[in-house]
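Let's take a walk through this model together, from the contact between its chains to a few side chains worth a visit.

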Amino acid sequence: MTVRTPPGSHDVLRDPDEFGLDTQAVLTGIPRHRHPSRRTRTRRIVVASLLALLSIVFVYPFVWLVSASFKPRGDVFDNRLIPQTFTWDNYVKVWQEAPLGLWMLNTLIVTALAAATVTISSAMVAWAFSYYRFSGRGALFGLVLATMMLPGAVTMIPTFLIWNGLGLVGTLVPLWAQNIFGSAFYIFLLRQFMLALPRDLFDAARVDGAGHWRVFRSIALPLTKPALAVTAVFEVQAVWTDLMRALIYLRDSSTFTIPRGLKSLVDAFGFGGEWHWETVVTASVISTLPLIIVFFVFQRQILEGATMSGMKG
Amino acid sequence: MSTTTEFRGASRGRGATGMAVRGGGGRRGRSARGEHLAAFAFLSPWLIGFAVFTAWPLIYSAYLSLTDYDVINDPSFVGFDNYAQLFADPKVGLALANTFLFTVLQVPLHVIVALLLALLLNQAGRSAGLFRTTFFLPKMTPPVAVGILFLLLFNGQNGLINTVLGFFGVNGPSWTTDPSWVKPGLVLMSLWSVGASVLILLAALQGVPRELQESARIDGAGAVRTTVSVTLPMISPALFFIVVVNTIACLQTFDEAYTALFGAGNTTYGNDAALFYVIYLFQQAFEYLHMGYASAMAWVLFALIMVVTAIQLIVSRRLVHYEGEEQAS
């Protein structure tokens, strides 16, 4: 059903709608790769070389970090690409200096729950906005979009008081449980996708007697899979890297997520503490790695989602 | 023929269960009321979430901003005291100045770098995919790790940046400690995460009809001229989006600077030059438990963001108009 388009154009967003989206980029099916002339080819080679040079700037910090993680403490700052004294010690030591495994597990739990709940709930809400016709639908959807504009700082304190009142501060629950109620951006994204699905299909199923839930669960959801994947992967990235909530809600080192744990390492071993930078560096490598792997596996979904975020305006 | 009948039979069977689930009613189930009920059911997660985690917090935070509240004792009403205090607080002034300066430095640089990279990618043909991925990679790094990288790479004595600057005979500043260089340093570090904006601009560039650019070229416009007069106006909505989103993000900047330069209860830490508004707000709320004061700060931030965004919207409307005129001439 879905035709794969060249990179940059997005099959997630196929339907122009009343919210003034810049869908032109998505809709113009102009072929990007015609047979290039020799001049274009030379130009492309020049451009590609330039881009390769620029890529170094983007990749080098990773390389620096990985390289530093194999250096003994005294050499961390020597800026050598290849460690003068190569050592695995940091990777052995870091697990003793910090409960990295536990932090990883906590992050995994939070991330899995957050991604699963936000995907399901956002899909439900998006379905309501895309399939059903009810009075006030436009206004309500406008309200959903408006909540995206709200700075987190405004709701941060009362939200903390809610979780505090429920006695859940210090647990992992506040880091994901709000996702049960869906998230505006994903509702928007999934609605766009669902609007492009053939409505006749659902109506036919209804005529055949399928109930509301069944139409959603067995027909709409399977067809929305690509957008669901974008949602889930995007949320994994957001939750895995979230520092603010972890700072607010987590107190004990055993409950820390990766970002909160890394911050505590900077406090303990960085400028504020004992200058064990090799520990900080190694922990940074270990905690960034899972996301890099996720990125390479789900590259298409992530890049699609990132581009989509530019369409919500 | 027989298969058709079977199929019909099957679907009728399914229909019966469907009706049973809905408690009978069949066609009636599709009445406007039924539709509304179903829509409402699907909407309910968001409706509940909106009420509990958006609407109520908004109201309650407005109320809290008029009180003194330390979580342990009940809030005591103080009227607009917090707001009066806030405008007299030199640290709020400092935090605002820092935040504005950071934003004013970051947004234009970010947009220019993202645009240049996107323009290059758009010319790269097939290799664009690979580089697009490379540029996006830093976005997958947790902001905490970016903050750590800032401390390491921008270290004044032996950081990589200053070492590289040294090759060119430049004596680099102490980026992480010198008050006048902390913000520029953080801005430069933030450029590393420009990848998402590059993607958005690239998608916009690929949506510009080739014919438009080609006809401009045939009319004798050079590459630069074509880009400025044809391409940029065509992607101005995407550019504007990036400006707005980045401004809002900069006004709330927290993670990297807090990771690198602040820590609870540690006096050797902290750098006034990097005290951004949300960092100070966070300290007030969760380190000093001044919930009322912090709520007032949050509302001031909210108002500021609204004003800045409104100004940008008004300016953009004039820019769009200007482009329309230029295209017509």
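Across the interface of chain B and chain A in this predicted model, the rule finds one salt bridge. The partners are A:Arg206 and B:Glu35, with 2.4 Å between the closest N and O atoms. Polar contacts also cross the interface: 11 residue pairs meet this way, both residues at pLDDT 80 or more. On the side of chain B that touches chain A, helix H2 (residues 32-64) of chain B gives the most, with 23 residues. Sorted by class, that side of chain B has 69 nonpolar, 29 polar and 12 charged residues.

How much area is buried between chain B and chain A? The answer is about 9,600 Å², and carbon and sulfur atoms give 74% of this area. Chain B brings 110 residues to the contact, and chain A brings 108 residues.

A good residue for looking at this contact from the other chain is A:Thr288, which sits in helix H13 (residues 277-297) of chain A. Is A:Thr288 buried or exposed? It counts as buried because its relative accessibility is 4%, and the cut-off for buried is under 20%. Leaving aside residues up to four places away in sequence, A:Thr288 touches A:Phe62 in its own chain, and B:Met140, B:Thr141, B:Pro142 and B:Ala145 in chain B. Its side chain also reaches the backbone oxygen of A:Ser284, at 2.7 Å.

Now for the salt bridges of the whole structure. Over all chains, the search finds eight. The table shows some of them, including the pair that crosses the interface.

| Lys or Arg partner | Asp or Glu partner | N to O distance |
|---|---|---|
| A:Arg206 | B:Glu35 | 2.4 Å |
| A:Lys71 | A:Asp78 | 2.8 Å |
| A:Arg80 | A:Asp78 | 3.6 Å |
| A:Lys93 | A:Glu278 | 2.8 Å |

Within chain A, A:Lys71, A:Asp78 and A:Arg80 are linked in a network of salt bridges. A:Asp78 takes part in a bridge with A:Lys71 and in another with A:Arg80. What about the accessibility of these three residues? A:Lys71 is buried, since its relative accessible area is 1%. A:Asp78, in contrast, is partly exposed at 27%, and A:Arg80 counts as partly exposed at 41% relative accessibility.

The bridge between A:Lys93 and A:Glu278 has N and O atoms 2.8 Å apart at their closest. This pair links distant parts of the chain, as 185 residues separate A:Lys93 in helix H3 (residues 89-97) of chain A from A:Glu278 in helix H13 of chain A. Helix H13 of chain A is also the place of A:Thr288. The two ends of the bridge fall into separate accessibility classes: A:Lys93 counts as partly exposed, with 26% relative accessibility, whereas A:Glu278 counts as buried, with 0%.

One last stop is in chain B. Where is B:Leu165 found? Look in helix H7 (residues 160-167) of chain B. At 24% relative accessibility, B:Leu165 counts as partly exposed, because the cut-off for buried is under 20%. Residues up to four places away in sequence aside, B:Leu165 touches B:Val170, B:Gly172 and B:Trp175.

Terms used: Residues are numbered from 1 along each chain as its sequence is written. Chains are lettered from A and ligands numbered from 1 in the order in which they are written. This is a predicted model: local features need pLDDT of at least 70, side-chain atom pairs count only at pLDDT 80 or more; totals for chains, interfaces and linings use all residues. Side-chain values use heavy atoms; hydrogens and water are left out. Contact means heavy atoms within 4.5 Å. Buried area is the accessible area (1.4 Å probe) that two parts lose on being put together, summed over both. A salt bridge is a side-chain nitrogen of Lys or Arg within 4 Å of a carboxyl oxygen of Asp or Glu. A polar contact is a pair of N or O atoms within 3.5 Å; within protein, one must be able to donate a hydrogen and the other to accept it, and residues adjacent in sequence count only if both atoms are side-chain atoms. Helices (H or I, at least four residues) and strands (E, at least two) are DSSP runs, numbered from the N terminus. Ala, Val, Leu, Ile, Met, Phe, Trp, Tyr, Cys and Pro count as nonpolar, Asp, Glu, Lys and Arg as charged, and the others, Gly among them, as polar. Buried means under 20% relative accessible area, exposed over 50%, partly exposed in between (1.4 Å probe, protein chains only).
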